[in-house]
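Q: I've got this model open on my screen and I'd like a close look at one part of it. Could you get the odd backbone spots out of the way, and then take me slowly through the part you'd pick?

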Amino acid sequence: MLKCQSELFQPSLNLVDGLKMSTKEELKRMAKILLLSVPTKLRKDEYVTYFAEAVLACPDMWLPRLTHYELTLLDKLVKAGSGSYVECTNSFLVTTLEILSFIATDCNHMDESKVRYMICDELREAVAPYLNKLLTSKKQSVRFMVEQYACGIVNLYGFLSYSDLLYILVGYLQHSATREEIADSLANSALIQRLTFEVENGYNTNLYIESPFLDDFEYLEEQLHLRRDIPDRKKFSKEEAFSAGMMPLSIIPNPCLDELKGYMMKKLRYTEEKADSSLLYMWYTAQTVDNPMSIINSMINRQLSSMQELQETIEIFMDYLNHSPRWFLKGYSSEEVFVLFEKEKLKNNPPRIVAGPNMKAAGMDITPEMQAMVDNMFRAVPTGHTVGRNDPCPCGSGKKYKKCCGRNN
């Protein structure tokens, strides 16, 4: 991925220079996804040169496979002119354009919620004649729609088999697209192809599609197995799935989202872009981190001036996290699982909260009353295993389980 400061970017830069940053194996995979015919037996430097020539000579082959967001970004860069940058909302998603260094990125400026994109002249000139037609094409609009729904679905569940994803999409889009159009849209999306992988199961090989946010498929699969008593996946509405697939920032369904976003902007002085980005980060982190206080601590800053404000902040953040869909809960939130399962079967081990440096500098510390408040708010989730009586207590007290949270069991 090509990164540089916008004021140092040279539009005369050659596309081949950016492609050299990728390995030959990475380029071979992307050539297949972009339908570019490049001889595989070439040496790395020859392969890169041939790849660059194919990209510049055949935009009509690979441009129709990009997402609506990527094509719109290219259109903005073309209209901005030579040597200009386009500023967009920063995201955790890495586009196909960035992976291949088709565009350069610059995050080294004052606003951390923004990112600047630049493009070299030879690529700008190559793609310019095709963009308007692609962005207004009815056939492409169907693909854009299917692509966003598909991305939203895998964002809500972490990963799905290809057949399950197709089944859900047909249910959502039965009045908007045929099964053939849906399958064709998935096959002609560079993003979906990048997210598709194979899993061998005995003598069979199954196709799966994962969320672009998912880092460790095997770990998530293990976590789902530990919680195999949870019912089938939660069913999300058509609107929720579509919003969860938005780019560059997905909107994950949560009944507490508006309240927390408003609070972050009013009390914590977040800009709307930073609040949106932070909410997505909180949801993403909640997929892999069991202790929500580690997430909350990273969000709280010096804008809080009293213990009352700190307590109010923790309560609002906890409410949001308790209602966030979790991959390892099959799309359910901790709150929903808490209600669905018998409460006595859950090991409720509330996180210990510790005042961070910023809070201590403001003269604030955690009181027993505040810890009790978090204990009451925290919704534990089934872990899939029990804690031994002589094991260290999961709450982090340092005591044995039987002398701490397990005294009443």
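**Backbone oddities, then the sheet**

A: Leu35 sits in the loop that runs between α2 (24-33) and α3 (44-57). Before going on, keep in mind that this is a predicted model. Leu35 isn't a glycine, yet its phi is positive, at about 60°. With a relative accessibility of 43%, this leucine counts as partly exposed, because the buried class stops under 20% and the exposed class starts over 50%.

Lys330 is another non-glycine with a positive phi, again about 60°. You'll find Lys330 in the loop between α18 (307-322) and α19 (334-340). One more backbone spot to click on is the peptide bond from Met247 to Pro248, which is cis, with omega near 10°. Pro248 belongs to the loop between α14 (238-244) and α15 (257-266).

Now for the part I'd pick, the sheet. Three strands make it up, in the order β5-β7-β6, and they pair antiparallel in an open sheet. β5 (159-161) and β6 (196-201) are the edge strands; each has a single partner strand, so one side of each has no neighbour in the sheet. From one strand to the next, the twist averages 35°.

Zoom in on β6 and β7 (residues 204-210): this antiparallel pair is joined over six bridges. To get your bearings, start from Thr196, whose bridge partner in β7 is Ile209. As a reminder, strands in a sheet pair through backbone hydrogen bonds, in either a parallel or an antiparallel way.

Next, the helices on the sheet. α13 (residues 217-226) packs on it and touches β5, β6 and β7, with a direction at about 80° to that of β5. α9 (residues 138-157) lies across β5 and β7, and runs at about 115° to β5.

α9 also leads us to α11 (residues 179-187), since α9 is among the elements covering the buried residues of α11, together with α10 (162-172) and α12 (190-195). The residues of α11 to look for are Ile182, Ser185 and Leu186, which are buried. They span an arc of only 100° around the axis, so they're on the same side of α11. The background is simple: an α-helix has 3.6 residues a turn, so residues three or four places apart point the same way.

So if you follow α9 along, you go from a helix lying across β5 and β7 to one that helps cover the buried residues of α11.

Notes
Residues numbered from 1 in each chain as written. Predicted model: local features only at pLDDT ≥ 70, side-chain atom pairs only at ≥ 80, totals over all residues. Heavy atoms only, no water. Helix = DSSP H or I, 4+ residues; strand = E, 2+ residues; numbered from the N terminus. Buried < 20%, exposed > 50% of the residue type's maximum accessible area, 1.4 Å probe, protein only. Pairing = 2+ DSSP bridges. Axes fitted to C-alpha atoms, helices over the stretch in contact; angles between N-to-C directions. Contact = heavy atoms within 4.5 Å. Arc of directions from axis to C-beta.
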